[in-house]
Amino acid sequence: MSSAAFSETLQFVTNVKLQELEKRRQAFSQHASRVLIDAQKHDNDLIEKVTTLVQGITSWSGFRISNGNLNLDNIQRWLHQATLDPGFPRSLLESWAQKLTDRINQENTQYDYAKLFGNLLTDWLTVSSQSIGTTNTQADQNMATGNQDDSEKLNSTDTMEQKKQLESIIFREREIDVHGLEAYLEDLFSDKDAQEALIALRVRLATFGDTLRRTTINEYDMEWCIKSLLAADLLSDAKQTILKEFAQNPVIIKELASVLNMQLSSLQTWHWPEDGVPAEPRKAINGKIRFYLDGEILTSLFLQYIGIKWSIEFKAALLQFRSSRAWVLPPSNLSKVDVARSEIFLNSTNFPDSIEQRRRTFQQSHYFMCQLPNSVDCFNNYDDVDEDDESMATINKERRQRSGRYPEDQLRFDTPVELKQSLLHIVCTDVLLNRALHNQCTVVRTDLEWFGPSLAHQSILTILTFFGVSQPDLQFIEAFLACPLKFTGSMNSYLADPTAYKSTPADSPRIRKRGTPVAHSLSVFCGEAVLFVMDYAVNRKTNGIFLYRIHDDFWFLDAQSTRCAQAWKTMNDFADLAGLKFNQMKTGSVHVGEKDQLHADLPQGDIHWGLLKMDATSGGKFVIDLAMVDEHVVEMQRQLTATNSIFAWVQAYNKYMTFFIRNFGSAAKVYGRAHIDGVIDALVRIHNKLFPNTKGNIVMALAARLEEKFGVTNIPVGWYFWPTAAGGLQVKDFFVELLAIREDLLEDPEWILELAKTWERDDYENAKRLWEDGTTFNQVIQQQQYVVQISATDPFFSFEEFIKCREERSMRWVNAFDTLLTRPIPVHLNSTPETMAALSIIGDGIEAFGSSVSETWPGLTFYWKWLISLHHEEMIKKYGSLLIVEPTSIPVGMVAVFRNSRTRWEQ
């Protein structure tokens, strides 16, 4: 089904449901009017008035009494009592009459808001369908009449400029000194340990290539391959829709496998279509414009299969290499004598955990070749995953539930976003520790300029050849790299209509001579192969410094500035040989502490992470760069202004604010409370700039738009934040998320280290007392073959000697390290009798808030607990229920479908 047909189907389903809803709304409005008029005639006879209201409610099918204090069966029994009992309280009758009247009015209000929801959805679908299904001719007409969705219009200057710059790189071959690179590799892997590991690597990769070419692709392979390709977001929306349909058809799956097996059998002679592959520009929320290959589905599937298979094997082979003696571990601060004296004096040889061990675990398990997948169901992607995308959020949640690895307050590594956030936590924690333990720390961050597009093909092929990839596989990779691209002269058609962009027949393909295609798994494999050489070179030349690397984004730090300078020199030496260039705009270094200054050979410049900047004057803490924030606010305002529907406005607001929150860094104990307070202040600043007419009040700003477009006023505040599944607008309240975790953060994270120092001193004094009492002198330990002999009468070792093992053997310090890395746990508000009664009445409707009938309040997230507690009174007063409308009466599923489609940002 094409995107246009898909959109038409959604609109048809929505229209049918909304038409039925309108019929029911009008019918109830007439029914309610009759009942209230009839009841008013009996103002002087309260028994008759209440009877009329009860009959009016019970005679309407599906009418739900949601006030826990009203039970119609009981009221009817009491009415009978009232007709017989002269002393029956008149106040009760008056109260019932008022409550029943309010309930009828509330039901009427619910229908009115169901109509409003329908109008909002219809408005969004109309705009979105223009975006999805417009033909070239229609696009021209829309441009002429001004009806095109503004979010599709382009600032052509940026796109054309980036296209021009890209062409200047990828169609010009970068000559490198192949013999020089080969000599560098030979020297790097020249010692005995490296040679042994290299031989094992070469044999493994050559064997794998031969085995892969003889493999038979089956239906299971096609299933994971399709999922992986969809997760890579490589294909256009239309082709993704087709591929999803393929995935549901076993016959097509089998046929696809058959075709791919034919291609695999002739892998050595594979080539791109001779008429070339169109390139499609896309803009991300961070402003980057990338050109994606708009390849055929079969070609994309085949390349995804080969790329994933090679990536998994290559990562496994390099992990094996890293576990060998060829990989250098950081030098120990403890000599053999130090170790012996520590074990004897402390009467222990058991030191199960340490900071150094934690670092090695993070490095090997999460940041070593982290762009390569571990298995076929591991969908890695360097670009930020849209965590606001409901389907992706669900996938990530399921991954965590399956793995069971990460408690709520621990570091997470499942998605690219989590990987980057956790890296920042680790860097900040190590800076704090190095300051505490060594009085100084140097941090370097850098990035490669145009890494993917600028990769020299000769570098890729030379390095893969050195690692033992066989000639047939090299021929295939060389053909993959030499892609015939078509986008010269085609930008006019893109500017006319980005959604219907096609290369024109007049476009002649040009052979790519440099770089790799965006988002292809084979591209990631090639890039990681090149950068592994840099990783290993730094490891060898610096005696163990680890490059925390996510794709081409590098971070490294050490207490000694000279070691960082050596690492930087090593990186530059390899970059010069391989034809790479560091991005000066994203390169910088910071030295904090009381000792040496920043090494002269290290790069100058600030260190940025997202919208944060490392501040050396505050001990290496990251602070929000408000100048960068203000630039993005201007862009966000432009995106919001460009939207033509309320739902699109809310979607743009939620996604852009998520972008801000993400790039302010997710909270951790290492940042302290000041970080959250800074983020809250930044959000206030953003809202004041976005909504100056309402003094930063987003609800008032939206209310004005709603009144102008639909004439609706007096909307409860809760409606704006309520889930769409309950009939609300689902604006995300980002202040709630921040305030909920603020309580679990210390004012100053350095208190954690001060506490470790206090306990450490207590541990020393206790151990000293036990030694001097003769309690801990252990003959068994003494009988071990130590390099030093100590008698029971020898004085206890000094405190300075005791603390030398902090990073390698101290549980106090590893506990402090772990604590600094933990994430704050949000506060979960307690329920009240009123909130529990409100939830019990809506029954299955609680699913709109993410819980279930069996779980109720405990099943809600902290976010919905907060909002329900805050707004439930006004919502029940207005609608008689926490459900603004019945979920079955409105097409809420359509909203989820469109929210999960790719957001196209105005360029």
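Is Val 16 buried, partly exposed or exposed? With a relative accessibility of 37%, Val 16 counts as partly exposed. Keep in mind that this is a predicted model. Below is a quick tour of its helices, cysteines, salt bridges and a few backbone oddities.

**A nonpolar patch on helix α1**

- Val 16 sits in helix α1, which runs over residues 3–40.
- Together with Phe 12 and Val 13, Val 16 makes a nonpolar surface patch of about 270 Å².

**Helix α3, a helix with two sides**

- Helix α3 covers residues 72–84, so 13 residues in total, and at 1.5 Å a residue it should span 18 Å. Its end C-alpha atoms are 19 Å apart, which agrees with that expectation.
- Which residues of α3 are buried? They are Leu 72, Ile 75, Leu 79 and Ala 82. These buried residues cover an arc of only 60° around the axis, so they lie on the same side of α3.
- Flip to the other side of α3 and you'll find Arg 77, His 80 and Leu 84, which are exposed.

**Helix α13 and what comes after**

- Helix α13 takes in residues 336–346, and its buried residues are Asp 338, Ala 340, Ser 342, Glu 343, Ile 344 and Phe 345.
- Right behind α13 comes Asn 347, with a positive phi near 55°.

**Cysteines without disulfides**

- How many disulfides does the model have? The count comes to zero.
- Take Cys 441: the nearest cysteine sulfur belongs to Cys 564 and is 7.2 Å away, and Cys 441 is in no disulfide. A disulfide needs the two sulfur atoms within 2.5 Å, so a pair at that distance doesn't count as one.
- Cys 441 is buried, with a relative accessibility of 0%.
- Cys 428 is buried too, at a relative accessible area of 9%.

**Salt bridges**

- As a bit of background, side chains of opposite charge can pair when their charged atoms come close.
- In this model the count comes to 44 salt bridges.
- Lys 732 pairs up with Glu 737, and their closest N and O atoms are 3.4 Å apart. Lys 732 is partly exposed, at a relative accessible area of 24%, and Glu 737 is also partly exposed, with a relative accessibility of 24%.
- Glu 765 and Arg 761 form another salt bridge, at 3.3 Å from N to O. The two are four residues apart in helix α29 (residues 750–772), so about one helical turn separates them.
- Both of those side chains belong to partly exposed residues: Glu 765 has a relative accessibility of 33%, and Arg 761 has a relative accessible area of 38%.
- Arg 812 and Asp 763 meet in a salt bridge too, with 2.7 Å from N to O. Because Arg 812 lies in helix α33 (residues 811–821) and Asp 763 in helix α29, this pair ties together parts that are 49 residues apart in sequence.
- Arg 812 is partly exposed at 30% relative accessibility, and Asp 763 is partly exposed with a relative accessible area of 27%.
- Some salt bridges share partners, and in this way Glu 356, Arg 359, Arg 360, Asp 430 and Glu 807 are joined into one network.

**A buried loop residue**

- Where is Ala 668? Look in the loop between α24 (646–663) and α25 (673–690).
- Despite its place in a loop, Ala 668 is buried, with a relative accessible area of 0%.
- Ala 668 and Leu 411 are 257 residues apart in sequence, yet their C-alpha atoms are 9.1 Å apart in space.

**Positive phi in loops**

- Most residues other than glycine have a negative phi, so positive values are worth a look.
- Asn 543 is one of these cases, with a phi near 60°. You'll find Asn 543 in the loop between α21 (521–541) and β6 (548–550), where it is partly exposed at a relative accessible area of 41%.
- Lys 695 isn't a glycine either, and its phi is positive at about 55°. Lys 695 belongs to the loop between α25 and α26 (698–710).
- Is Lys 695 buried or exposed? With 77% relative accessibility, Lys 695 counts as exposed.

Conventions. Residues numbered from 1 in each chain as written. Predicted model: local features only at pLDDT ≥ 70, side-chain atom pairs only at ≥ 80, totals over all residues. Heavy atoms only, no water. Buried < 20%, exposed > 50% of the residue type's maximum accessible area, 1.4 Å probe, protein only. Patch = residues over 30% accessible without salt bridge, like charges linked within 9 Å, V, L, I, M, F, W, Y side chains within 5 Å. Areas by Shrake-Rupley, 256 points an atom, 1.4 Å probe, with all protein chains shown as cover. Salt bridge = Lys/Arg side-chain N within 4 Å of Asp/Glu carboxyl O. Expected span 1.5 Å × (residues − 1). Arc of directions from axis to C-beta.
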